[in-house]
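Q: Could you take me through the open spaces in this protein, slowly? I'd like a close look at one of them in particular.

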Amino acid sequence: MTRKKMGLLVGLVFAAGCSGGGNIDLDKSKESEVNGSYYAIASQINDVKSLPQKETNDSGIQVIQPDVKLWHSLKATKNTNHITSETKGMITPQLFPERYTEIEGVLTFRGNNLRDAPAYGTRAITEKKIDKVWSFRTKSSSWGGGAGWTGQPAIVKWNSAVQKVMNLKEEFAAKKGFVETIYASLDGNVYFFDLESGKESRKPIQIGNPIKGSVSVDARGYPLLYVGQGIPEKHEIGFGLYSLIDGTRLYEQKGIDDFANRKWGAFDSSALFNREADTLVVGGENGLFYSLKLNTSFDMNRKTLSIKPQAAKYKYVIDKKTGSPYNGIENSAAVYKNLAYFSDNMGAIQCVDLLTLEPVWALPHTDDTDASLVLDIEGDNPFIYTGTEVDKQGDHGNALLRKIDGLTGKTIWQLKYPALTIRGDHPVNGGLLATPVKGKRQISDLMIFTIARVKKLNAGLMVAINKATGKEVWRWEMPNYAWSSPVDLYDQSGKAYLIQADSIGNVHLLDGKTGEVVHTINLGANVEASPAVYNDRIVVATRGGIIYCLKVK
C-alpha cells in the first residue's frame, strides 16, 4: 500500500467570526510541538497560531490550542474498468479528520463518518429493562407523521456559548447541560426537544415536503443543520442547509438536475460535515455525489451565521448502464480519510477519492442497497461491511452480506440469506434495509445484521457474524421483520446490549453476546426509523405519528 504523507492542521471546533475549516496542503508535511486537548472555542480568531494556551475569552470559555497531528491520505488500488465518471464544479481536496466531532451526541446518521456510532455516552444497565419517558405526536402529511426509514434523530449537547445565540425558548437558552433532540418528520417539519423533559425547545422548521431520511448537525458544533427531502408533496425536492440561530434556510440544492443521469430528486442520505475542510458530502437519488465547500462564517458576538457553498457534482456510469434503477444513492456515504464509499439502487459499490473527486474502484451491480455501508479500520486499512435487499431479484432471492477490502475492492467473505419481498406499486422489500452494527468492547469481534422477510413475509432474522471469519456466531429468528437499524449499547463494565425495533412496534433489548431477548416493550405502530441514543435515553419515532423517548435501565 502506497501512502502519500501529508500534514493536516486539526481545525478548531469553533472559530467564530472566521471561515470554518482549514485547507489541505497536498505537497507538504507539517508537524508541531503544540500540546493540549482538542476542544477550542473562540471569538474573532483568524489564525490558529494566535490561540494562546488555556486562555479564557470574554465568554468565560476556555480556549486551548488544538493538537497538530500527522494525518496522511490513503492510496487505494485503481480499478476503473467498469466505471466512467464526470465531475462538474469546484473540487475541494479534503481528508476527513481522525475523529469526526468533539461535540457530545449523535450528529449524523449512525453518528460519524464510519457510520458505526448510533449511541453516545455511558449508562448503568442493572434491571435490563426499557421504559417510556415521554412522547410527542407530530402532525401528518400524505405519508403520515412520525418518522419512517431511515428517520434517525440527531441528539446534541450544545456548547453553552452557542446555546445562547440560538432561537431557543427562554427556559432552554440558559439551561445548564442542555441536550437537544432534533427530529425530521414525515409530516414535513423538523422538531426540536429538550431531551430530558420532552418539551419543545424551539419552534419547528417547516420544510413542507415529507422527510424520510436523517438530519445532520455541523460536526464543528456550529448551529447549522442539513435536511434532505424525500417526497415532492408541496414543491420541488432536494436538500437544504438551515441556520439554527433563527431557523432560516441558507442554501437549497434542487434534486432535479440537468447534469444528473436520473430525474428523481430525493435525498434520503444523511450528510457528513468535514469540520477541518469546511465541507459537506452527500449522495442523492439523482445519482449524483456532492462535495460542497461551505465557506462558513460564524460570529457568536454578532449572532450571525452565513455560508456561500460552492458545489462539485460527481456522476458515474457502471457497466454502461444508466438512469433508473441503476442510479440513485439512498444510503449515507461512509468516509475514511480521503476515501468515500457508497452504493446505489442496483447495489454497485464504489470508492471515490475526495482529493480528486474521481473513482478509485467500482464493483458490479447486485441488488438494491439502501442500508449504509459500515467501515471498520484494521491498522490503517478500511474494511466495508454491507448487504443487499431482495428487490430486483423478484419476489424472493438472497440478501448478500459482504466484507470488502476498502483499498482494493476485493471481497473478503460473503454470505447469502434467502428472503422474500413484496413488489409492485407499493413494494415492501425484504433483505437488508437496516444498517448493521459494528460491535465494540465485549463484542468487538462481531458484526450484527438484521434481515427482513426471512422464511415468512412478516418474519425476520438477526445474525451475529465473526468479522474475521465470516462465520455465524448466533442468530435470533425474529417473529416480526425490521427495517429499523439495530443499535449497540454498553454498560460501564463493557457488557454489550442491542436495541432492535420491528414492524409491529416492538422495541427489544438483547444481550449482545448471545442474542437473547431480555426485555420488550411495544410502541403501538411500525418502527421503520432508526433510534439514536444519548447515555441511557433512546429516541425513536413510529409510523403511527409519535416520537418517543425511552430509557434503558
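A: Here's a walk around the second largest pocket, with its neighbours in the ranking for context. This is a predicted model, where local features need pLDDT of at least 70 and side-chain atom pairs count only at pLDDT 80 or more, while totals for chains, interfaces and linings use all residues. Residues are numbered from 1 along each chain as its sequence is written, and side-chain values use heavy atoms, leaving out hydrogens and water.

A pocket here is an open set of points on a 1 Å grid over the protein atoms alone, with protein on both sides within 12 Å along at least five of seven lines; its lining residues have an atom within 4 Å of a point. Volume is the space filled by probe spheres set on the points, which are joined across faces, edges and corners.

So, the second largest pocket: its volume is about 700 Å³. It has 31 lining residues, and R99, N112, D116, A117 and A119 are the ones nearest its centre. Strands (DSSP runs of E, at least two residues, numbered from the N terminus) help build the wall: strand 9 (105–106), strand 10 (119–120) and strand 40 (487–490) each give at least two residues. Strand 40 has the largest share, with three residues.

The lining splits into 14 nonpolar, seven polar and ten charged residues. Nonpolar means Ala, Val, Leu, Ile, Met, Phe, Trp, Tyr, Cys and Pro; charged means Asp, Glu, Lys and Arg; the others, Gly among them, are polar.

For context, the largest pocket has a volume of about 920 Å³. Its 32 lining residues include W143, K212, E330, P427 and N429, which lie nearest its centre. That lining has eleven nonpolar, seven polar and 14 charged residues.

Terms used:
On a 1 Å grid over the protein atoms alone, a cavity is a set of points where a 1.4 Å probe fits but cannot get out, and a pocket is an open set with protein on both sides within 12 Å along at least five of seven lines; lining residues have an atom within 4 Å of a point. Helices (H or I, at least four residues) and strands (E, at least two) are DSSP runs, numbered from the N terminus.
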